[in-house]
Structures are given as C-alpha cells and as structure tokens.
Amino acid sequence: LLSAISGVILPSDSDICTKCPASICMENSPITQCKIRILWSETNAAFNKKGSSREIQDLESWVPCDVSELTNKIKESQQNILHFDEIESGVSSSVIDISISGPNHPNLTIIDLPGIVKTVGEGEDQQIKQQIDDLIDSYIKNPLCIILVVHPADVDFHNSEMFERAKRYDPDTRRTFPVITKADKIDEGEEKNVIKLVNGGYVKFSLGFH
C-alpha cells in the first residue's frame, strides 16, 4: 500500500524485512528528484561513534539517486544502520530518510515501520517484540500523525492488534485511517464478517474503512 502511494518499491520478505523506520518525504514538483540519507538515533551506537568515524558521518549526507535504484538503496541503508548500530537480530530507531519529488507525487510524508511481532524465534533478539512496540508507539502517539491501519481481509479482525493500539492513542479515531486489503483472499462464506467489519459492526472509526 505504501509503495502504491509513494511510487517507491519498498523491500519485502516473508521474514521481518523492515528493521528500521523509512521516512519518505514527497513533494509535488515539475522536476523529478530523489535523494537518500541516514538519520542516526541518539540512543544507538552509531550516534556515539560518529565523532570518530568519517564513514558514519558521510552516511548522514544526502546522496542523489534514481527512483529505480531506491529499493536497493533502502536495503543498503538498512544494512549500514544495523551494522553501525551494532544490531544483529533486533531493530533500530535510526531512520532511512528519503526525499522524492515529481509531478505525480503529493505533498506528503509517509513512514514505513516494522510490523508487529507476536512470537520470537530461537536465535533472535528476545527484546525485538518490545523494541518494535516501543518504536511504533513513538510515532503513532504524535497527534500530528495519521495512523494508517492496514488489515488483510483474510485475517480475523480479533487477531489484529493495531485497531486496539490505534484507539489507545487516538480514542476519537479522528486521525486513524483503516484500510482493508487482500479482499480477493477471503475464504468462501467469510464475506459477511468482512462486510460487518467495514460497516462498523465490530469497531467504528470516524473516517470509516477504505
């Protein structure tokens, strides 16, 4: 969904693919331009080392790139973040900062965050669930942030944690935008439950479902 909005093909994988925030700042302009950099989090290792590391400092500088290169540039930036923040299997709060402009882009900033984790496997950072929860909360509690809740139609509403979390920080649901995806994946006979969800039968949102 975020790729459709931004025109940027974000990396995807069956595993935990997004391990740090990616901020895509779009601007409507007759000129198409794209650039990328890293914003190091003050709470992580790289920030404390950058005073003595030219390589870490250089990664903070804008690097022009072609839109077609962005997917690989995002992967590369994430690898650099995990390396310099000394993270093996967790997530980082350092940000991949992307600026993109063009005639087909709206004036909008979207932020891609790691997905919620319910179970941690052996060999994985046992703190990753809490790390992701804290990272998501740090963004959605901002009253100026629109919360985009993406819910696959083939997943039971009761198994979605983001509806409850969105209401925790946006009790009036004035800035929560729920979107139903994968309608073609609904099992036969389950259509009535999705219709009930969309019509507010389970939970109501001021902006409705989309």
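Which element gives the most to the lining of the largest pocket? Hold that thought while we get our bearings. What you have in front of you is a predicted model, and its pockets make a handy way in.

The largest pocket holds about 1700 Å³ of space. Lining it are 44 residues, and those closest to its centre are Leu 2, Asp 112, Leu 113, Leu 148 and Val 150. Several elements give two or more residues to this lining: α1 (2–6), β5 (108–112), α5 (128–140), β6 (147–152) and α6 (161–169). So who wins? It's β6, which gives six residues, the most of any element. As for the character of the lining, 28 of its residues are nonpolar, 11 are polar and five are charged.

Now hop over to the second largest pocket, with a volume of about 240 Å³. Here 15 residues do the lining, and Ala 153, Val 155, Asp 156, Glu 190 and Asn 193 are the closest to the centre. Helix α7 (residues 191–198) gives the most to this lining, with three residues. The mix in this case is seven nonpolar residues, three polar and five charged.

Let's leave the pockets and look at the sheet. Five strands make up an open sheet, and if you walk across it you meet them in the order β3-β2-β4-β1-β5, with mixed pairing. At the edges sit β3 (63–64) and β5, each pairing on one side only. That's the β5 that also helps line the largest pocket. In general, the strands of a sheet pair through backbone hydrogen bonds, either parallel or antiparallel. For β1 and β4 the sense is parallel, and their pairing runs over seven bridges. To find one bridge for yourself, pick out Met 26, whose bridge partner in β4 is Ile 100.

These two strands turn up again in the largest nonpolar core. It has 22 residues, among which Ile 24, Leu 70 and Ile 96 touch the most other members. At least two residues each come from β1 (22–28), β2 (33–39), α4 (70–84) and β4 (95–102), and α4 supplies the largest share, four residues. Zoom in on Ile 96 and, leaving aside residues up to four places away in sequence, you'll find it touching Cys 20, Pro 21, Ala 22, Ser 23, Ile 36, Arg 37, Ile 74, Ser 77, Gln 78 and Ile 81. There's also a second, separate core, this one of 21 residues, including Val 117, Leu 135, Val 203 and Phe 209.

Definitions and conventions:
Residues are numbered from 1 along each chain as its sequence is written. This is a predicted model: local features need pLDDT of at least 70, side-chain atom pairs count only at pLDDT 80 or more; totals for chains, interfaces and linings use all residues. Side-chain values use heavy atoms; hydrogens and water are left out. On a 1 Å grid over the protein atoms alone, a cavity is a set of points where a 1.4 Å probe fits but cannot get out, and a pocket is an open set with protein on both sides within 12 Å along at least five of seven lines; lining residues have an atom within 4 Å of a point. Grid points are joined across faces, edges and corners, and a volume is the space filled by probe spheres set on the points. Ala, Val, Leu, Ile, Met, Phe, Trp, Tyr, Cys and Pro count as nonpolar, Asp, Glu, Lys and Arg as charged, and the others, Gly among them, as polar. A nonpolar core is a set of buried Ala, Val, Leu, Ile, Met, Phe, Trp, Tyr and Cys residues joined through side-chain atoms within 4.5 Å. Buried means under 20% relative accessible area, exposed over 50%, partly exposed in between (1.4 Å probe, protein chains only). Contact means heavy atoms within 4.5 Å. Two strands pair if DSSP finds at least two bridges between them.
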